[in-house]
Amino acid sequence: MVILQTQQLEFYFRRDQPIVKNVYLNVPQGSIFGFLGPNGAGKTTTIRLMLGLLRAKSGNIEIFGQELESNRSAIFQKIGSLIESPSLYLHLTGKQNLEIARHYTRTPAFRIAEVLTLVGLEQAANKKAGAYSLGMKQRLGLAIALLHQPELVILDEPTNGLDPGGIIEMRELIKQLNRDLGITFFVSSHLLAEVERMCTHVGIIHQGSLLFQGSIQELKSAQMQQRTLYIDTNDHKKAQAILMDLRTQVVEGKLTLPFESKAQVAALNQLLVTAGIEVYELNVQGADLEEMFLHMTR
Amino acid sequence: MLLTIPASFRIEVLKIRHTAAVWLTLVGALFAPTILVIGYLSKPEVGYVGANVNAWDLFIGRTWQTEIAVFIPFYVVLINSLIVNIEHRSNTWKYVFTQPFSKASVWIGKLLLIQSLIVLHFLIFNSLTLVAGGILALIDPKYGFANHGPSLGIVLKFIAKTFIATLGVSGIHYWLATRIKNIIVPIGIALMGIVLSSLLIQQQWKYIDWFPYAYPLLSFRKSEGFLIQHEWISLGYFIVLNTLGYLDISRRNMG
């Protein structure tokens, strides 16, 4: 089931400089959806559109199967969000900030202690948020987003400003909440490695356009298809005849064919050697996920 | 939407703890009574009145005059700016507008808080005025406070008239504060408005009833009537500007 869906989402301040172009997003329920793109790709703008903070020039947004604009209160009751720098009342303590969130979302008071423990801020609960480090602010922002046990949590670059330990903690927390409570996460990031480690699904945005959307497996198989196996033998003609089911070509004096898996390489090798062909070299080249991402967003 | 307004108001109350807005409301109420006590003590003859004159009413009138001429216009502008500025400063508009509360309920909650603080300020200010009169009476019986009691009806009328007279300025500055992050600009505008209004009143400008910054002074000068022309216009400004301000904020890209 799709929990969040956008159709033909468009946004610009000036018509000739579109910021978000025709974005179709489908976030499956129960997923951790990584929204990946370099800085300035339109991630934050898309998130603001999804939350109704910006008015889309065209397109529509459905969350929990309801149209956003006419069901704001019902939808926001089930969403937690953390956009860019955390929104905190810096003159108030961590606990007082949660108190405000509690009243907005009509949440029972015992949840405050629960989320403070969850993000590890029990000790700092009575300190003013203004005196928090960036990492602590980020964690308090997350506590506020999680307070009312939302079904969907939208986080914009949640690991920004966290130290390496904090990044791992945040990632594990997201995975744990997703696994144990079935919360759907929509997480933006400019780091592929982070998305790869944490997410079940990914959408790649670049210059306002969505370039890829699907599960991490789908992304990986798309990437695999872009890799090539190079084989050097003493008899390319004979080898091609043996491998005639595959799309082999001779490029720069070597046989090439699309790489599928390591097992495929081993099987091919055995096939050629058994047929009496001398195999000098087996070499897989082409983009790994990182290169593919860089290539897409170049 | 109506049902969430009390909750929205409560949330706004939670937000103003430890803020300048609260201090200004409470400590600011000391301003005019303190000036008057200092004036009476340093020049006692201004406070010595004959037995026929009600010393209380004279004292209350003088504190109100100081309050209205010097304090009220700035206070009203500042309280509107400070309360709204909490959201700008904390970067929380995007938070507030993604909560399960309608934008109208947020707007009205804040509006009610600001107006409640202004009324609270008036109540404290008047209580302190009575305390100040009591202190002067104890210090020097020649002021004649013992001869009469304060006319509480007049006090209530002052409060009601002045409150209505501030609504026009509130209407302007509440909306302005949602648009301007900086707090100096509204204060500058208020200062110009106040200087201009005393000039215009002096020159008996015939459209003065349409100039909101002059209303508190006008209401003080025309203390005999209630809901006179400029007071109705003040109410009108308040309603129209709040409607426009709300339509503006609910359509604007926020956060």
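No salt bridges were found across the interface of chain B and chain A in this predicted model. Polar contacts are present, however: twelve residue pairs, both members at pLDDT 80 or more, are in polar contact between chain B and chain A. The elements of chain B that give two or more residues to the side touching chain A are α1 (5-15), α4 (55-90), α5 (93-96) and α10 (229-251). Of these, α1(B) gives the most, with five residues. By class, the side of chain B that touches chain A is made up of nine nonpolar, twelve polar and ten charged residues. Charged residues are thus part of this side of chain B, although the rule finds zero salt bridges between the two chains.

In extent, the contact draws on 31 residues from chain B and 32 residues from chain A. About 2,800 Å² is buried between chain B and chain A, and 55% of this area lies on carbon and sulfur atoms.

Internal space was examined next. Five cavities of 30 Å³ or more are held within the structure. The largest cavity encloses about 220 Å³ of space. The lining of this cavity comprises 21 residues, and those closest to the centre are A:Ser81, A:Ile144, B:Tyr95, B:Thr98 and B:Gln99. Residues of both chain A and chain B are therefore named among the lining residues, given that a lining residue has an atom within 4 Å of a cavity point.

Several elements contribute to this lining. In chain A, β6 (79-82), α3 (94-105) and α5 (134-146) each supply at least two residues, as does α5 of chain B. The greatest contribution to the lining of the largest cavity comes from β6(A), with four residues. The lining residues divide into eleven nonpolar, nine polar and one charged.

The α5 helix of chain B appears in both settings: α5 (93-96) is listed among the elements on the side of chain B that touches chain A, and α5 of chain B also supplies at least two residues of the lining of the largest cavity.

Conventions:
Residues numbered from 1 in each chain as written. Chains lettered and ligands numbered in written order. Predicted model: local features only at pLDDT ≥ 70, side-chain atom pairs only at ≥ 80, totals over all residues. Heavy atoms only, no water. Contact = heavy atoms within 4.5 Å. Buried area = accessible area lost by both parts, 1.4 Å probe. Salt bridge = Lys/Arg side-chain N within 4 Å of Asp/Glu carboxyl O. Polar contact = N/O pair within 3.5 Å; in protein donor to acceptor, adjacent residues only side chain to side chain. Nonpolar A, V, L, I, M, F, W, Y, C, P; charged D, E, K, R; others polar. 1 Å grid on protein atoms, 1.4 Å probe; cavity = no way out; pocket = protein on both sides within 12 Å on 5 of 7 lines; lining within 4 Å. Points joined across faces, edges and corners; volume = space filled by probe spheres on them.
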